[in-house]
Amino acid sequence: MSGPRVSFVIGGVQKGGTTALARYVGVHPQVALPRTKEAHVFDDPAFDDTWTSEDVDRVYAQHFDTDGAEVLVGDATPIYILHPALVARIARYNPAMKWVVILRHPLERALSQHSMEAGRGDETWPFWGAMLLERLRLRGHTDDFAWGSPLRHHSYRLRGDYARQLDVLFRHFPREQVLVLRNERLADLPEATMRQVWGFLGLQVPAHADYPRVFEGDYQRLRRGGLRWRLYCRLFRRELRDQAAGHGIRW
C-alpha cells in the first residue's frame, strides 16, 4: 500500500447525528466505511504511538471488506475529536485527512448520551446528578482510553465543549480539511446538507439518493426555552459562550 488507506473521518461528535450521517455517506457506491461503522482504531487502548501509517493500515484492514483501491475509505468513530491525543495520532497517520464533524446543542447531546449510558447499565444517576458528578468521576481519567473508562461513559459536559475540540482540530489540520455541520440542518435539510458533504469529499451526488430519517433514541426530551431547559443550560454556559466567541456557533 503506497499511502494511508483512510482519507476521511466522521470524527465527532457522539450523539450528534453521526449514525445518520454515516448511513447517508455509506450509500455512495464510491465510499467504503467500516462494517460496524466505528472502527475505534486511534482510541483503542492497545494503540501503539510508535506505529507507522502502514501499521495503522494493517489494523484498519480487518474492519473493511475492500482493499480500498477503487473507493474512498472513511471511518465514523465520533470519539476521535474528544481528546487531543487522538487528533494528533490521526494527523501523524494522514496529514491530509478530511474531517466531517456534526454538532448538536450541548444539552441535547448530553441528554441523549445519558439516556444511552443508562440504557446500557453504565449510568445509575439521574441526569442532574451525573452532570454534577462529572468532574469528580473524570479526575485521574482524562487520558484513560480503557473501554470502561469514565472518559468514555460519563463525559457529558466534556463532549459538548466544542470550542476546545475545534481549537485542537484546527491546530493539526487546515480549516479547508474540516467540514462542520449542524445536527438540526441534517435532520431538516438532508439533501442540501449531503450535497455539501459530497462536494467536500470530492464526490458526485449519487443517483437516486434517498435520506430517510434515522431512528431517534427513546428518551424524554426537554422543551427548548422551558424552565428545566433554561436551568440545565446554565450548566453549559461556559461552553456555549466559548463556542459563540471562538467559532461563531450559536444555539
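In this predicted model, Asp161 comes out as buried, since its relative accessibility of 6% falls under the 20% cut-off. Its partner is Arg164, and the side chains of the two meet in a salt bridge with an N to O distance of 3.6 Å. Arg164 itself sits a little further out: at 25% relative accessibility, it counts as partly exposed.

That pair does not stand alone. Asp161 and Arg164 belong to a network of salt bridges that also takes in Arg157, Arg238, Glu239, Arg241 and Asp242. Within this group, Glu239 and Arg157 are joined side chain to side chain, 2.9 Å from N to O. Glu239 is part of helix H11 (residues 237–247), while Arg157 belongs to the loop between helix H6 (150–153) and helix H7 (162–172), so this bridge ties together parts of the chain that are 82 residues apart in sequence. The two ends differ in how much of them can be reached: Glu239 is buried, with a relative accessible area of just 2%, whereas Arg157, at 22%, counts as partly exposed. As a general point, side chains of opposite charge can pair when their charged atoms come close.

Across the whole structure there are 16 salt bridges. Another of them joins Asp49 to Arg92, with the closest N and O atoms 2.9 Å apart. Here too the bridge links distant parts of the chain, as Asp49 is in the loop between E2 and helix H2 (53–61) and Arg92 is in helix H3 (residues 84–93), 43 residues away. Asp49 has a relative accessibility of 44% and therefore counts as partly exposed.

Turning to the strands, E1 pairs with strand E3 (residues 72–75) in the parallel sense, over three bridges. In this pairing, Phe8 stands opposite Gly74 of E3. Strand E2 also runs parallel to E3, this time over two bridges, and Ala32 is the residue found opposite Val73 in E3. Taken with the helix between them, E2, H2 and E3 form a β-α-β unit of the right-handed kind.

Phe8 turns up again in a long-range relationship with Ala96. The two are 88 residues apart in sequence, yet their C-alpha atoms are 8.7 Å apart in space. Ala96 lies in the loop between H3 and E4, and, leaving aside residues up to four places away in sequence, Ala96 touches Ser7 and Gln177.

Helix H1 (residues 18–26) has a good number of buried positions, namely Thr18, Ala20, Leu21, Ala22, Tyr24 and Val25. An α-helix has 3.6 residues a turn, so residues three or four places apart point the same way. Among the elements that cover the buried residues of H1 are strands E1 (6–12), E2 (31–32), E4 (98–103) and E5 (178–182). Helices H8 (183–188) and H9 (190–201) are also part of that cover.

The surface has a nonpolar side as well. Trp125, Trp128 and Leu132 make a nonpolar patch of about 360 Å². Leu132 is in helix H5 (residues 127–138), and its relative accessible area of 60% puts it in the exposed class, because that class starts over 50%.

Key
Residues are numbered from 1 along each chain as its sequence is written. This is a predicted model: local features need pLDDT of at least 70, side-chain atom pairs count only at pLDDT 80 or more; totals for chains, interfaces and linings use all residues. Side-chain values use heavy atoms; hydrogens and water are left out. Buried means under 20% relative accessible area, exposed over 50%, partly exposed in between (1.4 Å probe, protein chains only). Helices (H or I, at least four residues) and strands (E, at least two) are DSSP runs, numbered from the N terminus. Contact means heavy atoms within 4.5 Å. Patches are made of residues with over 30% relative accessible area and no salt bridge: like charges are joined within 9 Å, nonpolar side chains (Val, Leu, Ile, Met, Phe, Trp, Tyr) within 5 Å. Accessible areas come from the Shrake-Rupley method with a 1.4 Å probe; for residues, only the protein chains shown count as cover. A salt bridge is a side-chain nitrogen of Lys or Arg within 4 Å of a carboxyl oxygen of Asp or Glu. Two strands pair if DSSP finds at least two bridges between them. A crossover is right-handed if, with the strands pointing away from the viewer, the path from the first strand over the helix to the second runs clockwise.
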